[in-house]
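Visitor: I am new to reading protein structures, and I would like a close look at a single part. Could you pick one residue, tell me where it sits, and then show me what lies around it in the rest of the chain?

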Amino acid sequence: MAYNILILGASYGSLLGTKFVAAGHNATLVCRAETAALINSEGTEVRIKLRDEDAHRSFFSKSLAGRLDASTPEDARPENYDLVCLAMQEPQYSHPALTDLLARIARAGIPCMSIMNMPPLPYLKRIPGLDSSRLKEAFLNPEIWDAFDPRLMTLCSPDPQAFRPPEEMANVLHVGLPTNFKVSKFDDPKLNAVLETLEADIEAYRVDDKDVPVKLRVFDSLFVPFAKWAMLATGNYRCITTDGPRSIRDAVHGDPAKSQEIYAFVNGLVEKLGADPGDLVPFEKYAAAAKNLVKPSSAARSVYSGAVYIERVDRLILLIAEALGTSHPAVSETVAIVDHKLSSNALAGAR
């Protein structure tokens, strides 16, 4: 059975869409009208390096088993889909057209899998003992999530790293780090069967009898996607400094002892929420990967390009720490630096 999947976001979302379509399912990417017209005309191209190969291979959506198309938010009809994937940055959902689409998704009762770094508030409501009302300050527009049923929201860690090459058309995505998407289960066995089918079908896909990296992995634990938080707090947000941007490698390895301390603090928070240590990634593994991350994070690039809003997982971590009666000076310092830079960007834009 082929599932029909609506994916909000045609950049990073095209990676997940390509994996679904290669596995024989159908995907619609929600994006701007110009990008939708390009995708509907030319399809998408996602470049992935297979193991033991030196060069990336191009996977063209028009050559794959399933159907991939694109739509504007206004034209999307969520009631026609089996699953919705949220693949945009959290602030983007405050755009009126996307806010309206989210409202229609919630009304239709379509199950949602978020692949944002920022977990939607309905997912945080699934965490036992966590008062999500104390976390709203981390969201640009928390009210847009009020209509969603937490039982129909799950979270997938966006671990693969990919980017649109600036010299290419908007339908091209280059995968730099082909790791796996890690998704937590829903509360409903029927919805979990959908995830498990997608997992198995993506696993089975081969090209030239070779395995294709970037899988979907399904986990019982609610906390597996939160393993990314320590990485974001230690590396990504600390690329934003008072002296300008720095690479993730420099943020992590400029002071390894401090980085390990921050990493341990954030993982400790996740364990206090209920995670098993096995749900999380050891610092040594992350630190080794960070040596190859020689560019500033996407958050830093956005901030130093003048962005006024970015996803604030750094602030979410701070608020959760406060809710649990703890804090860390380096986490607080990072939040203050990001706050100051975003405020400066807002002031500059208002002049």
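Guide: Let us begin with A97, which has its place in helix α3, residues 96-108. This is a predicted model, so please read everything here as a description of that prediction. With a relative accessibility of 12%, A97 falls under the 20% cut-off and therefore counts as buried. Which residues does A97 touch, once its neighbours within four places in sequence are left aside? They are P73 and E74. The C-alpha atoms of A97 and E74 are 6.3 Å apart, although their positions lie 23 residues apart along the chain.

Now let us step back to the whole protein. It holds twelve helices and 16 strands. Among its contacts with a separation of 6 or more, 74% are between residues 24 or more positions apart. Of the 351 residues, 55% count as buried, and A97 is one of the buried residues because its relative accessibility is 12%. A compact globule of 351 residues would have a radius of gyration near 20 Å, and the 19 Å found for this protein agrees with that. The C-alpha trace spans about 50 × 50 × 45 Å along the principal axes. The accessible surface comes to about 15200 Å², and carbon and sulfur atoms make up 49% of it.

Another helix makes a good companion to α3. Helix α1, residues 13-22, is mostly covered, with ten of its ten residues buried. Among them are G13, L15, L16, F20 and V21. After α1 comes G24, whose phi is positive, near 100°.

That brings us to backbone angles. Most residues other than glycine have a negative phi. D52 is not a glycine, yet its phi is positive, about 65°. D52 belongs to the loop between β3 (45-48) and β4 (57-60), and it is exposed because its relative accessible area is 84%. V214 is another residue other than glycine with a positive phi, near 80°. V214 sits in the loop between β13 (210-211) and β14 (216-219). Is V214 buried or exposed? With a relative accessible area of 1%, V214 is buried.

Charged side chains add another layer to the picture. The protein has 38 positive and 44 negative side chains, and the centres of the two sets lie 2 Å apart. The count of salt bridges comes to 23.

One salt bridge joins E45 and R47, with their closest N and O atoms 2.9 Å apart. E45 counts as buried because its relative accessibility is 13%, and R47 counts as buried because its value is 18%.

A second salt bridge pairs D187 with R126, and here the closest N and O atoms are 3.2 Å apart. This pair links distant parts of the chain, 61 residues apart. D187 is in the loop between β11 (181-184) and α5 (189-204), while R126 is in the loop between α4 (121-124) and β8 (153-157). D187 is exposed, since its relative accessible area is 52%, whereas R126 is buried at 11%.

A third salt bridge brings together the side chains of R315 and E137, at 2.7 Å from N to O. R315 lies in helix α11 (residues 313-323) and E137 in the loop between α4 and β8, so the pair ties together parts that are 178 residues apart in sequence. R315 counts as buried at 13% relative accessibility, whereas E137 counts as exposed at 53%.

Salt bridges can also be followed from one residue to others. R51, E203, R206, D211, K215 and R217 are linked in a network of them.

Let us finish where we started. A97 in helix α3 is buried, and beyond its neighbours within four places in sequence, A97 is in contact with P73 and E74. As you turn the model, try finding A97 and E74 together, with their C-alpha atoms separated by 6.3 Å.

Notes: Residues numbered from 1 in each chain as written. Predicted model: local features only at pLDDT ≥ 70, side-chain atom pairs only at ≥ 80, totals over all residues. Heavy atoms only, no water. Helix = DSSP H or I, 4+ residues; strand = E, 2+ residues; numbered from the N terminus. Rg over C-alpha atoms; globule rule 2.2 N^0.38 Å. Buried < 20%, exposed > 50% of the residue type's maximum accessible area, 1.4 Å probe, protein only. Contact = heavy atoms within 4.5 Å. Areas by Shrake-Rupley, 256 points an atom, 1.4 Å probe, with all protein chains shown as cover. Lys, Arg positive; Asp, Glu negative; His and termini not counted. Charge placed at Lys NZ, Arg CZ, Asp CG, Glu CD. Salt bridge = Lys/Arg side-chain N within 4 Å of Asp/Glu carboxyl O.
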